[in-house]
Amino acid sequence: MSSNRNTAFAAAFAGMVSVQSGAAFAKSLFPLVGSEGVAALRLGISSLVLIAVFRPWHLNLRQLGISWRTMLAYGITLALMNLLIYRAFAYIPVSIAISIEVMGPLLAALVSSRKKTDLVWIALAALGMVWLAIGDVHGEIDIRGVLFALAAALFWGIYVIVGREASGGGGRTVAVGMAIAALIAVPLGVSQAGRALLAPHVLFVGFGVAVLSSMLPFLLDIYAMRRLPARVFGVLLSGSPAVSAIAGWLVLHETLTITQCVGIGCVMAACAGCALFSRQQTDG
């Protein structure tokens, strides 16, 4: 039992590292194809692979009690979440964008919890945002990036809610949602980057981004979520901003001030506290 728990913990951690590494490599393609081009590569390639693996044409939404309206909302939200966070990456460091974006699922969890003690996590997250702003001593944080990250946070929060409704079909509903997202993102990416998307280097890195950011973490998260309590999984994922900071430093040579690191720490503590304490009653 302990061995299974340790393996699940390792899988969840590997999935988080995979996602944040994929984000850093995705940004490295921005000079070649732009943020929309990278989103198109990630969602387009991911949708093709997921469709081939899960064969969603066998999916019976009516039998599962899932409406097409829910599936459309799921796919559209997935597309906007990716397009907006990649646009945020174009203006601000990856770690800061991720720190802002995690506010979406955090607030979604707090709204569903409605416990007075959750005000502590809201205050801690707000304090983290203040420290991130104070730490911008060189004026490197572009307000456009902050706004795009906030918009991505909004759609991530919606994604968490809609995703629960669409989760009944497992991998097949994910494949359908990814295909819908690709139908939105790919035309935008083609209009921005054109034939540059077909360059061998771009396709190679784009495939790596799709694997790291979508396919691999999906499989790892599914394995981990079946074996870990929700609060443990949530606490682990609260480390995303720190992992993204390390990935941004290693891949993109992005640096942060000590004050900004304190801000990221506050955001991580807010997410961890919310996951650990707000869900204790539902997890048992």
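This is a short talk on the cores, aromatic pairs and helix packing in one predicted model.

Hi everyone, and thanks for coming. Before the details, some housekeeping. The model is predicted, so local features need pLDDT of at least 70 and side-chain atom pairs count only at pLDDT 80 or more, while totals for chains, interfaces and linings use all residues. Residues are numbered from 1 along each chain as its sequence is written, and side-chain values use heavy atoms, leaving out hydrogens and water.

Let's begin with the inside. How many residues does the largest nonpolar core have? The count is 64, and Y86 and F89 have the most contacts inside this core. By nonpolar core I mean a set of buried Ala, Val, Leu, Ile, Met, Phe, Trp, Tyr and Cys residues joined through side-chain atoms within 4.5 Å. Buried, in turn, is under 20% relative accessible area, exposed is over 50%, and partly exposed is in between, with a 1.4 Å probe and protein chains only. Helix α4, residues 68-89, gives the most to this core, with 11 residues. The helices here are DSSP runs (H or I, at least four residues; strands are E, at least two), numbered from the N terminus. Apart from the largest core lies another one, of 5 residues, including A12, L220, A224 and L236.

Now please find Y86. At 1% relative accessibility, Y86 counts as buried. Leaving out residues up to four places away in sequence, Y86 touches A26, F30, S35, V38, A39, R42, V209 and S213; contact here means heavy atoms within 4.5 Å.

One of those partners brings us to the aromatics. A search of the whole structure finds 4 aromatic pairs. Rings of Phe, Tyr and Trp (its six-membered ring) pair if their centres lie within 6.5 Å; planes under 30 degrees apart are stacked, over 60 edge-to-face, and the rest tilted. F30 and Y86 make an edge-to-face pair, with 6.1 Å centre to centre and 70° between the planes. That pair links distant parts of the chain: F30 sits in helix α2 (residues 30-54) and Y86 in helix α4, 56 residues apart. F30 also counts as buried, at 13% relative accessibility. Together with F89, F30 and Y86 form one aromatic cluster.

Y91 and F148 make another pair, this time stacked, at 6.0 Å centre to centre with 5° between the planes. What does this pair tie together? Y91 lies in the loop between α4 and α5 (94-101) and F148 in helix α8 (residues 143-166), so the pair joins parts that are 57 residues apart in sequence. Are these two residues buried or partly exposed? Y91 is partly exposed, with a relative accessible area of 25%, and F148 is partly exposed at 24%.

On to the helices. Two packed helices are described by the angle between their axes and the distance between the axes. The axes are lines fitted to C-alpha atoms, for helices over the stretch in contact, and angles run from 0 to 180 degrees between N-to-C directions. α4 packs with helix α9 (residues 171-193) at an angle of about 45°, with the axes 8 Å apart. That makes α4 oblique to α9 (under 35 degrees is roughly parallel, over 145 roughly antiparallel, 65 to 115 roughly perpendicular, and the rest oblique). α4 passes α9 in a right-handed crossing, where right-handed means the near helix is turned clockwise from the far one by less than a right angle, and left-handed means anticlockwise. Residues meeting at this contact include W68, L72, I76 and L83 in α4, and V174, M178, A181 and L188 in α9.

My last stop is α5 against α12. Their angle is about 160°, with the axes 8 Å apart, and that makes α5 roughly antiparallel to α12. Their crossing is right-handed. The contact is made by V94, S95, I98 and S99 of α5 and S240, P241, S244, A245 and L252 of α12.

Take I98 in α5: I98 is buried, with a relative accessible area of 5%. Outside residues up to four places away in sequence, I98 touches Q20, F89, S240, P241 and S244. S240, in helix α12 (residues 240-252), counts as buried at 7% relative accessibility. Leaving aside neighbours within four places in sequence, S240 is in contact with M16, Q20 and I98.

That's my tour, and I'm glad to take questions.
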